[in-house]
Every structure is written in structure tokens, then in C-alpha cells.
Amino acid sequence: MTYKSITACLLALFIYSLAWAEPLKVKKVYSGEVVKLQQGKKVKYIGIDTPGEGKFFFEECKIANRKLVAEKDITIEHDVLKEDSAGRLLGYVYVGDVFVNAQLLKNGYAIVDIVPPNKKYADLFISLQKEARKNRRGIWRFEDPNDEPYYIASKNIKKFHRPGCRIAKEISFDKRIIFRSKDEALAKGYSQDWRCNPLFRKQEEGKK
Ligand SMILES: [Zn+2]
């Protein structure tokens, strides 16, 4: 080994140790897709969507996420956009070898939600969701077996709606996208509006 290559090696080791110096630890789990780090920042998982608080299947998704990450050291992989407007880190989260975003999709505890420019794993995520849906895992046990005549979505916000949804009616015609089936919307990486809930059967409210 030459002196130069030894220096290069040491330098590489030094940079590596800097990058991994501070393990990120999950302190609080808010939902199936948002956690808070011990270091203070919130992390929003990229490429997936889960029900908000009070909505159908919220608790199940939160518990599934908690089982994977609570009190664990995590690694975050970023995509093009590293932070959202609320200052949350946007990331693909790993606990050791476990790819958390993918694991949640695979077990039916999240819906694919591809929001450009963060679409590095779009193909993987869509295929994992397909598998979960086919095997009726997690939330997919409650899928609405019927299709509406069509679904409405916006070019800006990647969520689709039932045709009768009040919010869908507010989408201007030039921004409007029509899907003929749930399959079509899901294959394009669209998640759903959790209020009109086009993917799932009506649930009784207040279920905890
Ligand atoms: Zn809607």
C-alpha cells in the first residue's frame, strides 16, 4: 500500500464515521407514517400514506409502525426532496436490514402514495401493494368489492375520490383526472381520500 492509498483509506473511514456518528432514535410514533426522533425532528415516510387520526384503520397502522420502529435506531435514506414545508424530514426508513416503508406496504398497513419528485421506489412499492391486496393483508381485508363508474383525482394532489365526493367536485376541470377503476389509480401510485374512502367499504365510525 502506498502512502497515498493509506491516506485515502483513512479519509474514507473518517467520512464514514462522521456520517454514522449519531444514530437516529425514534422517540415517538404519531401514526403509520410519521415519527419523532430523539434529536427533535419529525420524519415523514416517503411513498406511503396511512389513515389520519380518527379515521378507519388509523390505530392498526400506527401499531404496525410502532412495532417496527419504536425506541429503535433508524437509518434514513432521502430522495430528491429531503424535507417538506413543515420541516419534517422525508425519508425511506430502515431498522437494520428492514425497510420499514416497504414492510408496511407488504403487510397492508399503508397505501402507496407516490409524490414526485420522490419516486425512487415507485415500482417496488406498487408491486408490494399489489401482493398485499391480492392476499387481502391488513387493510385490504376491507376493500370495497365494487367499483364506482369512475373516480376523480387531481393532477396536483395524488389522491383519488369517489365521484360523489364534495372535495372532488372542487377540483377544477383543467386539473382533473378520471380513473375508470381502483386498479388504474393504484397502478399509477395514487392513494385515496380517506374521507370518501373509495378503496374500502364503509366502516362504522367510532370504532377503536
Ligand atoms: Zn373524496
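Two strands count as paired when DSSP finds at least two bridges between them. On that footing, β1 and β2 of this predicted model pair up, since three bridges join them and they run antiparallel. One of the matched pairs is Val26 with its bridge partner Leu37 in β2. The two strands make a hairpin, with four residues between them.

The pattern carries on into the next strand. Three bridges also join β2 to β3 (residues 42-45), and this pair runs antiparallel too. Here Val35 has Val43 in β3 as its bridge partner. β2 and β3 again form a hairpin with four residues between them, and Gly40 in that turn has a positive phi of about 110 degrees. As for what holds such strands together, strands of a sheet pair through backbone hydrogen bonds, either parallel or antiparallel.

Stepping back to the whole protein chain, there are six helices and 12 strands. Of its 208 residues, 33% are buried. Among contacts with a separation of 6 or more, 62% are between residues 24 or more positions apart.

Helix α2 is worth a slower look. It takes in residues 58-69, and at 1.5 Å a residue its 12 residues should span 16 Å; the end C-alpha atoms sit 17 Å apart, which agrees. Its buried residues are Cys61, Lys62, Ala64, Asn65, Leu68 and Val69. These cover an arc of only 160 degrees around the axis, so they fall on the same side of α2. That fits the usual helix geometry: with 3.6 residues a turn, residues three or four places apart point the same way. What do the buried residues of α2 pack against? Their partners are the strands β1 (24-29), β2 (34-37), β5 (73-77), β6 (89-95) and β7 (98-99), along with helix α3 (100-106). The hairpin strands β1 and β2 described above are thus among the elements that meet this helix. After α2 comes Glu71, with a positive phi near 65 degrees.

Further along the chain there is an open sheet of four strands, in the order β11-β9-β10-β12 and with mixed pairing. Its edge strands are β11 (176-179) and β12 (191-192), each of which pairs on one side only. Edge strand β11 pairs with β9 (residues 151-154) in the antiparallel sense, over four bridges. Within that pairing, Ala153 has Ile177 of β11 as its bridge partner.

Definitions and conventions
Residues are numbered from 1 along each chain as its sequence is written. This is a predicted model: local features need pLDDT of at least 70, side-chain atom pairs count only at pLDDT 80 or more; totals for chains, interfaces and linings use all residues. The expected span of a helix is 1.5 Å times one less than its number of residues. A residue is buried if 20 or more other C-beta atoms lie within 10 Å of its own, exposed if 12 or fewer, and partly exposed in between; C-beta atoms are placed from the backbone. The arc is that of the directions from the helix axis to the C-beta atoms. Two residues are in contact if their C-beta atoms, placed from the backbone, lie within 7 Å.
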